[in-house]
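Good morning, and thank you for making time for this. I would like to walk through one model with you, going from its interior to a few places on its loops.

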Amino acid sequence: QLQLVESGGGLVQPGGSLRLSCAASGFTLDYYGIGWFRQAPGKERERVSCISISGANTNYGDSVKGRFTISRDNAKNTVYLQMNSLKPEDTAVYYCAAVGRLSWCNSGSYVLFRTQGSWGQGTQVTVSS
């Protein structure tokens, strides 16, 4: 069974940065596209970013575009989400999910993560002064 573990969350001041990690256990990420989602209390789960198998193709939600960067290091079996210029509205639990054979990632890809993805347990990000 695919197992993903998110880490790197925490408390940060507005304008600060965090880097989240999504590490795979028991399988190699080489053949999986990875998506990041977030969910704030009382809100629906929101797409944040995704990256294709090769890493050459990425996609971002409008609310994080220009501030967040997704990347992958297959040698470390890990995908990262670098979050800069954080805002209080970025406060949420952040989840990563894996979908096999995702050679291209665009706004329409997120439904695949929701319906077919293997998910981690999430990591809390709180942006507050």
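Before anything else, let me fix one term: by a nonpolar core I mean a set of buried Ala, Val, Leu, Ile, Met, Phe, Trp, Tyr and Cys residues that are joined through side-chain atoms within 4.5 Å. Please also keep in mind throughout that what you see is a predicted model.

With that term in hand, the largest nonpolar core here has 28 residues, and the ones with the most contacts inside it are Trp 36, Leu 81, Met 83 and Tyr 94. The elements that contribute two or more residues to this core are strand 3 (18-25), strand 4 (32-39), strand 5 (46-51), strand 7, strand 8, strand 9 (92-100) and strand 11 (123-127). Apart from this core lies another one, of eight residues, among them Cys 50, Val 99, Tyr 110 and Phe 113. As general background, nonpolar side chains in soluble globular proteins tend to be buried together.

Let me step back to the whole chain for a moment. The protein has one helix and eleven strands, and from the N terminus on its elements run β-β-β-β-β-β-β-β-β-α-β-β. The radius of gyration is 13 Å, close to the 14 Å that the globule rule gives for 129 residues, so the protein is as compact as a globular protein of that length. The C-alpha trace spans about 40 × 25 × 25 Å along its principal axes, and 44% of the 129 residues count as buried. If we take contacts between residues at least 6 apart in sequence, 61% of them join residues at least 24 apart. The protein exposes about 6,400 Å², of which carbon and sulfur atoms supply 46%.

Now to one pair of strands. Strand 7 (residues 68-73) and strand 8 (residues 78-83) run antiparallel and are joined by six bridges. Together they form a hairpin with four residues between them, and in the turn Asn 77 has a positive phi of about 55°. Which side chains of strand 7 are buried, and which are not? Phe 68, Ile 70 and Arg 72 point to one face and are buried, whereas Thr 69, Ser 71 and Asp 73 point to the other face and are not. In a regular strand, side chains alternate between the two faces of the sheet.

At one end of this pairing, Phe 68 has Met 83 in strand 8 as its bridge partner. Met 83, which I named earlier among the core residues with the most contacts, touches Gly 16, Ser 17, Leu 18, Leu 20, Arg 67, Phe 68, Tyr 94 and Val 125, if we leave out residues up to four places away in sequence.

That list leads us to Arg 67, which is found in the loop between strand 6 (58-60) and strand 7. Is this arginine buried or exposed? Arg 67 has a relative accessibility of 10%, and because the cut-off for buried is under 20%, Arg 67 counts as buried. Its side chain reaches the backbone oxygen of Ser 85 at 2.9 Å, and the residues that Arg 67 touches beyond four places in sequence include Asn 84, Leu 86, Lys 87 and Asp 90.

Ser 85 itself is found in the loop between strand 8 and strand 9, where it is partly exposed, with a relative accessible area of 42%. Although Ser 85 is not a glycine, it has a positive phi of about 50°. A positive phi, near 60°, is also found at Arg 101, again a residue other than glycine; Arg 101 lies in the loop between strand 9 and helix 1 (110-116) and is exposed, with a relative accessible area of 72%.

My last stop is Arg 45, in the loop between strand 4 and strand 5, which is partly exposed at a relative accessible area of 27%. The side chain of Arg 45 makes a polar contact of 3.4 Å with the side chain of Gln 39. Beyond its neighbours within four places in sequence, Arg 45 is in contact with residues including Phe 37, Tyr 95, Arg 114 and Trp 119. Of these, Tyr 95 is 50 residues away from Arg 45 in sequence, yet the two are 9.3 Å apart in space, C-alpha to C-alpha.

I will stop there and take your questions.

Key. Residues are numbered from 1 along each chain as its sequence is written. This is a predicted model: local features need pLDDT of at least 70, side-chain atom pairs count only at pLDDT 80 or more; totals for chains, interfaces and linings use all residues. Side-chain values use heavy atoms; hydrogens and water are left out. Buried means under 20% relative accessible area, exposed over 50%, partly exposed in between (1.4 Å probe, protein chains only). Two strands pair if DSSP finds at least two bridges between them. Contact means heavy atoms within 4.5 Å. A polar contact is a pair of N or O atoms within 3.5 Å; within protein, one must be able to donate a hydrogen and the other to accept it, and residues adjacent in sequence count only if both atoms are side-chain atoms. The radius of gyration is taken over C-alpha atoms; the globule rule is 2.2 Å times the number of residues to the power 0.38. Accessible areas come from the Shrake-Rupley method with a 1.4 Å probe; for residues, only the protein chains shown count as cover.
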